[in-house]
Each structure stands twice: as C-alpha cells, then as structure tokens.
Amino acid sequence: MERLFCTSLLAGLLAACATTEVPPEGMPPGTPTSPSTSGGPAVDGPLTVPSLSALPDSAPRTLAGRYSRAAWTDLPGWSDDDLSAFWPLFLRNCKGLMRPTGGSLAVPARATPRAWQPVCAAAADPARAPAAGDGAAVRRFLQAHLQPWRLNGPDNQPAANTVTGYYEPLVRGSRRRGGPYQWPLYAPPADLLTVDLGSVYPELAGKRVRGKLEGQRVVPYDARSAIESSDRKPPVLVWVDDPVDNFFLQVQGSGRVQLMEGPDAGETIRMAYADHNGQPYVSIGRWLIDQGELSADQASMQNIRAWARRNPARVQEMLNANPAVVFFREEAVPDASLGPRGAYGVPLAPGRAIAVDTRFVPLGAPVFLSTTMPASQAPLQRLVLAQDTGTAIRGAARADFYWGYGEEAGQQAGRMKQRGQMWVLWPKQAGEPSAR
C-alpha cells in the first residue's frame, strides 16, 4: 500500500510523512495481493503450515536494531491488554509468516518463516490452540511459545521514538464525471515504468525509480500539473466530489469511496494503492502558508477545505503544488471491519497493526507497543502486528499506528504524535529476532 503517513494532522498538512515503496514479496508494483500472486499460502484461506523440511529458507538479512531479552513483567500493561479478539488476527498473521521468502532485497525484511513454523503449527492445532474468544488462554499460549525482546537502538540503549497514526478515509464519488464529481482518482498509466536499480547495481538494492520512455531514454514521470494538463490522462477509476478529500485519500494511499450515482449507487468500494509517479511529496498546507493564504496555526484540513470553497479557480493551482500522484486499483470491501492490505499483504486490523522500519523490526513480527493515546498522557499499551511500512517511518521504535476507517479514526490519527517503546515477541526456540 502506498501512503503518506501523517505524523499528526498539522504535520501531515505541512510535510511529507511516508510512502510504502513495494508490495508484498514476489509481486511487481501495482499487483493485487491474491492467492495466485502472494508467493505462498493465501492469507484469505485457511491456515496451512508446511512441515519444517518443506519450508524453504533464504539468506539472512541483517537487522540494524539490537535486542535484549526481557521478562513478560517488563512489558508495561501486558496483563491489562484485552486479547479476547486477538486470536483470529494472530492466525491471519501466521498465514503471512508461512509464505516462503524469495530472498529479494527489493522488498521489506520479513520475519524468518522457519523460526515461526513451530509456533504457527501449534496455533493451527485444535488440541494446542486456545479458544478464540478466551483472552486469558490466548495470553497463556503466547507466553508459552514466545519470548519478549526489548528493542534497542544501534547504541544498544533502549529505543524510544515517535508513534504517529494513520487511517482509511471515506469519500463520496461517482464512476462518471458530472456535477460535483470533478476530481479524479487514477489507475496506473500505461506508459509508467518502474526501474529496480538493485537489479543493475546491487549496492542500490531496494531502490526504485519511476519514469517513462522518451525515445530511447528513461526520463522522470510527469508531475501532477503535467498529468492534469495532458490530453492523454491515465484511466480514471472514480470521480470524487471534493478536491481536499481527493488529496487526503492520496496522502493516506488507500481509502473507501461511497458511490453516489449510477447503477452502483450506495455501494462502497476501496481504492487500494497500485503505484505512484515517483515525484516528491509537497504539502499543500505549506504552499498556502508560503502564499500568505493561511497562517501556520490555520493550516488544518477544515481551513484548507474552506479556502478551496472560497477560491474554486485556484484549487488546481493548489493541488499542482504537490507534484506527487498516487495511482490506485479498485477492490471490493469484503469485510468492513478490516482495512486495506499493508506492505505485508495482510488486511490491517484497527488498533492492532502498525507500520515499522523493517531495518529494526521485520514484517510479521508481533510487537508489544507502549505509548500514549493521541494528544494525551493516558496509556496505550497494546499487542500489535508489524504489517506495514513507510519511507518516513525510520529508526528504532518508530511506528505508525493504524486506527481504522472513517471520521473518528481520522480524528485519532490526526492528533497522534506520541513517544513509544517496543518489545518484539519471538519464538522461544529461535533465539533473538531475525529477518529474511
């Protein structure tokens, strides 16, 4: 999923937050995650755990973090976390863990599948698994099979870092342009190229650039202003009724659209990240401040929307200040309680998924996160799953907390800029956390 992870509502308006650059392993950018493309067992099917001998391995990947063994009593609030609804999420995460890795350095580091095979095998065994709704039994299972490791920084000191929030917005749209529905969400253009630099220069593993061909040269892909002024625009999936809503759905990188017209009126669909034009993100809030249109303390989403209503002739000028464009693909919403698939290819669960820096925490790892509620000192101490990434999510214990879907989730995400610490939970028999 591609998104610009907002560090807070104000910061999200003023500065770029983050972007996920790559889809789950083995999938080219823009490929939907499905049983046929995920490189292993489908995360939407039943949990199937291969034998250890049948689970291939790949070369280890070095983690920048340092870990120190901890006791369960060291985790603040561990015994207070209500795990009664956690077990289905743990099983779904195991489906991702049991996908073999391909060894590609162009994708985020993942938790080592072979380390997790015994734990996931126990989770799939009805004789050993806890009852799904029994939070105490789930806690006992986790404590019996996992070991907490305190995440330290490269200096081997306990790491503390910023914890921000993100969410899945809802906008109104139509498949046809007309009336208020004037603001497009695009599918990837046919001439967009993604160049994996690591395939040519190994020292640039994981680096990609977007571009297009001009003659026999690859040049940067068009900025937003060029796309909007072109006679050959990308295919439009839906038209949105508000330019600021359109913009912030691109900032989040995924969202839901309630169709308001035509034969599908009343249906809600998901716009999932497919690709982007490779241009840098520029804040429209910062542009309005630089133009003298708003002061720094006025640069809220509400004030930007009000400015757009007062200045309809300048809205495209404002949007063009940000050259970055995110391209989408349409997906159904089979379960309204779950969010889009993150970089790990698993649907995100509200309040139980985070984005991490995979140099320190590999995707798929359970993490105990100790932070505080948005704009508050009230504790937020919770078992979560590392299932997403972002280019602004950098450093030991840096996290982006997925709040879920809709207006209330957006308010929580927009206010969140807290300090937090992490403990990675890892299979007891496997030593300290490792990655592939």
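Here are four short exercises with worked solutions on this structure, which is a predicted model.

**Exercise 1: the sheet**

Work out the strand order of the open six-stranded sheet, and find which strands form its edges.

*Solution.*
- Start with the order, which reads β5-β9-β4-β10-β11-β12, with mixed pairing.
- Next, look at the two ends: β5 (183–186) and β12 (326–331) are the edge strands, as each pairs on one side only.
- Going from one strand to the next, the twist averages 45°.
- Now zoom in on one pair: β4 (residues 170–174) runs parallel to β10 (residues 255–259), and four bridges join them. Within this pair, R172 has Q258 of β10 as its bridge partner.
- Finally, add the helix that packs on the sheet, α6 (residues 243–252). Helix α6 touches β4, β5, β9 (236–240), β10, β11 (268–276) and β12, and its direction makes about 20° with that of β5.

**Exercise 2: the largest nonpolar core**

Find where the largest nonpolar core lies with respect to domain 1 and domain 2.

*Solution.*
- Begin with its members: there are 84 residues, and those touching the most other members are F90, W116, L142, V361 and M422.
- Then ask which helix gives the most: α3 (residues 113–124) does, with six residues.
- Now bring in the domains. Both domain 1 (58–165 + 341–427) and domain 2 (167–340) supply residues, so the core lies between them.
- For a closer look, take V361. Beyond four places in sequence, V361 touches Y67, L151, V356, V367, A386, M422 and V424.
- Another core, of 12 residues, lies apart from this one; L185, L249, L259 and V326 are among its members.

**Exercise 3: helix α2**

Decide how far helix α2 (residues 87–97) is enclosed by the rest of the structure.

*Solution.*
- Count first: nine of the 11 residues of α2 are buried, so the helix is largely enclosed.
- Name them next: W87, L89, F90, R92, N93, C94, K95, G96 and L97.
- Last, see what covers these buried residues: the list includes α3, α4 (135–145), β14 (366–372) and β15 (379–388).

**Exercise 4: a proline in a loop**

Is P130 buried or exposed? Find its contacts too.

*Solution.*
- Locate P130 in the loop between α3 and α4.
- Compare its value with the cut-off: buried means under 20% relative accessible area. P130 has 13% relative accessibility, so it counts as buried.
- Leaving out neighbours within four places in sequence, the contacts of P130 are W87, A137, V138 and F141.
- Check W87 once more: it is 43 residues from P130 along the chain, yet their C-alpha atoms are separated by 8.2 Å.

Key: Residues are numbered from 1 along each chain as its sequence is written. This is a predicted model: local features need pLDDT of at least 70, side-chain atom pairs count only at pLDDT 80 or more; totals for chains, interfaces and linings use all residues. Side-chain values use heavy atoms; hydrogens and water are left out. Two strands pair if DSSP finds at least two bridges between them. Axes are lines fitted to C-alpha atoms, for helices over the stretch in contact, and angles run from 0 to 180 degrees between N-to-C directions. Contact means heavy atoms within 4.5 Å. A nonpolar core is a set of buried Ala, Val, Leu, Ile, Met, Phe, Trp, Tyr and Cys residues joined through side-chain atoms within 4.5 Å. Buried means under 20% relative accessible area, exposed over 50%, partly exposed in between (1.4 Å probe, protein chains only). Domain bounds come from an automatic or database domain assignment.
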